[in-house]
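Trainee: Could you walk me through this model one question at a time? I would like to see how each answer is reached.

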Amino acid sequence: MTGIGGCRSSGSITADTLIVSGKGKLISIHGFATGTDTAYVTVHDCLTQGNCTTANMVGLLYVGLASTGAAFAEADMHGVYFRTGLFADVTDLSGTGTKFTVEYN
């Protein structure tokens, strides 16, 4: 179906992972936490965790405590261009139940 806009999703991410290799645009990041879980994800234009630096970070999202109303979060990345790939670096601050999705095309 040509001419129809859209994007791809990483699916549920709970740990460091390579999302895609190659060029594209970062569209958005979504996060959800339950109970006392809190975490953040940094998305980098690289292929491995060892290559993640502040210089190649293209997105960041923090998800906070459900009790404070911060259990859901979304960041619109406005089509930030990446050249090498997208690598998600997940950092759990408390618990391990936080889930993220990264949308790109």
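Trainee: Let me start with a pairing: which residue is the bridge partner of His30 in strand 8?

Mentor: Happy to help, and please keep in mind that the model is predicted. Strand 3 covers residues 24–32 and strand 8 covers residues 99–104, and these two pair in the antiparallel sense over six bridges. Gly31 has Phe100 as its bridge partner in strand 8, while Ser28 stands opposite Glu103. For His30, the bridge partner in strand 8 is Thr101.

Trainee: What is the order of the four strands in the open sheet?

Mentor: Let's build it from the pairings. Strand 1 and strand 8 pair in the antiparallel sense over two bridges, with Ser9 having Glu103 as its bridge partner in strand 8. Strand 8 also pairs with strand 3, and eight bridges join strand 3 to strand 6, again antiparallel. That gives an open sheet with the order 1-8-3-6.

Trainee: Which are the edge strands of that sheet?

Mentor: Look for strands that pair on one side only. In the order 1-8-3-6, these are strand 1 (8–9) and strand 6 (72–82).

Trainee: Which residue in strand 6 does Ile29 stand opposite?

Mentor: Here we turn to the antiparallel pairing of strand 3 with strand 6, which has eight bridges. Opposite Ile29 in strand 6 stands Ala75.

Trainee: Why does the aromatic pair of Phe32 and Phe72 count as tilted?

Mentor: A search of the whole structure finds one aromatic pair. The ring centres of Phe32 and Phe72 are 5.0 Å apart. Planes under 30 degrees apart would count as stacked and those over 60 as edge-to-face. This pair is tilted because the angle between its planes is 35 degrees.

Trainee: How many residues apart in sequence are the parts that this pair ties together?

Mentor: Phe32 lies in strand 3 and Phe72 lies in strand 6. As for their surroundings, Phe32 is partly exposed at 33% relative accessibility, and Phe72 is exposed at 61%. Because of where the two rings sit, the pair ties together parts whose separation in sequence is 40 residues.

Trainee: Is His44 buried or exposed?

Mentor: His44 sits in strand 4, which covers residues 38–44. Leaving out residues up to four places away in sequence, His44 touches several others, among them Cys52, Met57, Leu86 and Phe87. Its relative accessibility is 4%, and the cut-off for burial is under 20%. His44 therefore counts as buried.

Trainee: With which side chain does the side chain of His44 make a polar contact at 2.9 Å?

Mentor: There are two contacts to consider here. The side chain of His44 makes a polar contact with that of Thr42 at 3.1 Å. The contact at 2.9 Å is with the side chain of Asn56.

Trainee: What is the phi of His78, roughly?

Mentor: His78 lies in strand 6 and is exposed, with a relative accessible area of 70%. Most residues other than glycine have a negative phi. His78 is not a glycine, yet its phi is positive, at about 55 degrees.

Technical notes:
Residues are numbered from 1 along each chain as its sequence is written. This is a predicted model: local features need pLDDT of at least 70, side-chain atom pairs count only at pLDDT 80 or more; totals for chains, interfaces and linings use all residues. Side-chain values use heavy atoms; hydrogens and water are left out. Two strands pair if DSSP finds at least two bridges between them. Buried means under 20% relative accessible area, exposed over 50%, partly exposed in between (1.4 Å probe, protein chains only). A polar contact is a pair of N or O atoms within 3.5 Å; within protein, one must be able to donate a hydrogen and the other to accept it, and residues adjacent in sequence count only if both atoms are side-chain atoms. Contact means heavy atoms within 4.5 Å. Rings of Phe, Tyr and Trp (its six-membered ring) pair if their centres lie within 6.5 Å; planes under 30 degrees apart count as stacked, over 60 as edge-to-face and the rest as tilted.
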